[in-house]
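User: I am new to reading protein models and would like a close look at a single part, the open space on the protein and the helix beside it. Please take your time and connect what you find there to the rest of the chain.

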Amino acid sequence: MELHLKQETEIKLNQLAERTHRGTDELLEEAVEHLVRYHEWFEGKVKDSLAATERGQTVSDEQVRAWLEKRERS
């Protein structure tokens, strides 16, 4: 696999690798793993929310506003 980075990003990556005494490959692998895990988590949340909506488990606008107002007062 090939990866093309903006020059500014590559400079920052190299600086981070130097500061942390890690290889750029290791840092990129970690970053991609985080990105993939995040997207898997997010997709799961969206699927769960859609399923809840289909089951009729929703909250009205008024309930949300009341919750936000209560939260702001706390």
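Analyst: The largest pocket has a volume of about 190 Å³, and since this is a predicted model, that value and those that follow describe a prediction. A general idea helps to picture such a space: rolling a probe the size of a water molecule over the atoms shows where empty space is left. The residues that line this pocket are Met1, Glu2 and Leu3, together with Asp25, Leu28, Glu29 and Val32. Sorted by class, four residues of the lining are nonpolar and three are charged, while no polar residue takes part.

Several of these lining residues, Asp25, Leu28, Glu29 and Val32, have numbers that fall within helix H2, which runs over residues 24-54. That helix deserves a careful look of its own. H2 has 31 residues and reaches 45 Å from its first C-alpha to its last, close to the 45 Å expected at 1.5 Å a residue.

Further along H2 we come to the aromatic rings. A pair of aromatic rings is described by the distance of the centres and the angle of the planes. How many aromatic pairs does a search of the whole structure find? The search finds two. One of them joins Tyr38 and Trp41, whose ring centres are 5.8 Å apart with 35 degrees between the planes, and this pair is tilted. The label follows from the angle, because planes under 30 degrees apart count as stacked and those over 60 as edge-to-face, with the rest called tilted. Tyr38 and Trp41 are three residues apart in helix H2, so about one helical turn separates them. As for their surroundings, Tyr38 is partly exposed at a relative accessible area of 43%, and Trp41 counts as partly exposed at 48%.

Tyr38 also forms an aromatic pair with Phe42, and here the rings are stacked, with 6.0 Å from centre to centre and 25 degrees between the planes. Tyr38 and Phe42 both lie in helix H2 as well, four residues apart, which is about one turn of the helix. Phe42 is partly exposed, with a relative accessible area of 40%. Taken together, Tyr38, Trp41 and Phe42 form one aromatic cluster.

Glu40 lies in helix H2 too. Its relative accessibility is 52%, and Glu40 therefore counts as exposed, because the word applies to values over 50%. The C-alpha atoms of Glu40 and Thr20 are separated by 28 Å, although these residues are 20 residues apart along the chain.

Now consider what lies on either side of H2. Before it comes helix H1, residues 7-20, whose 14 residues should span 20 Å at 1.5 Å a residue; the end C-alpha atoms are 20 Å apart, which agrees. H1 is followed by His21, whose phi is positive, near 55 degrees, and this is worth noting in that His21 is not a glycine. His21 is found in the loop between H1 and H2, and at 75% relative accessibility His21 counts as exposed. At the other end, H2 is followed by Gly56, which also has a positive phi, in this case near 85 degrees.

Helix H3 covers residues 61-73. Its 13 residues should span 18 Å at 1.5 Å a residue, and the end C-alpha atoms are 19 Å apart, which agrees. Is H3 largely buried or in the open? Of its 13 residues the number buried is zero, so H3 lies largely in the open. Arg73 is found in this helix and is exposed, with a relative accessible area of 64%. Between Arg73 and Lys6 there are 45 Å in space, C-alpha to C-alpha, for residues that are 67 apart in sequence.

Finally, the whole protein gives these parts their setting. Its secondary structure comes to three helices and zero strands, which read along the sequence as α-α-α. A compact globule of 74 residues would have a radius of gyration near 11 Å, but the protein has 21 Å. Its C-alpha atoms fill a box of roughly 50 × 35 × 20 Å, taken along the principal axes. Buried residues make up 5% of the 74 residues, a word reserved for those under 20% relative accessible area.

How values were computed: Residues are numbered from 1 along each chain as its sequence is written. This is a predicted model: local features need pLDDT of at least 70, side-chain atom pairs count only at pLDDT 80 or more; totals for chains, interfaces and linings use all residues. Side-chain values use heavy atoms; hydrogens and water are left out. Helices (H or I, at least four residues) and strands (E, at least two) are DSSP runs, numbered from the N terminus. The expected span of a helix is 1.5 Å times one less than its number of residues. Buried means under 20% relative accessible area, exposed over 50%, partly exposed in between (1.4 Å probe, protein chains only). On a 1 Å grid over the protein atoms alone, a cavity is a set of points where a 1.4 Å probe fits but cannot get out, and a pocket is an open set with protein on both sides within 12 Å along at least five of seven lines; lining residues have an atom within 4 Å of a point. Grid points are joined across faces, edges and corners, and a volume is the space filled by probe spheres set on the points. Ala, Val, Leu, Ile, Met, Phe, Trp, Tyr, Cys and Pro count as nonpolar, Asp, Glu, Lys and Arg as charged, and the others, Gly among them, as polar. Rings of Phe, Tyr and Trp (its six-membered ring) pair if their centres lie within 6.5 Å; planes under 30 degrees apart count as stacked, over 60 as edge-to-face and the rest as tilted. The radius of gyration is taken over C-alpha atoms; the globule rule is 2.2 Å times the number of residues to the power 0.38.
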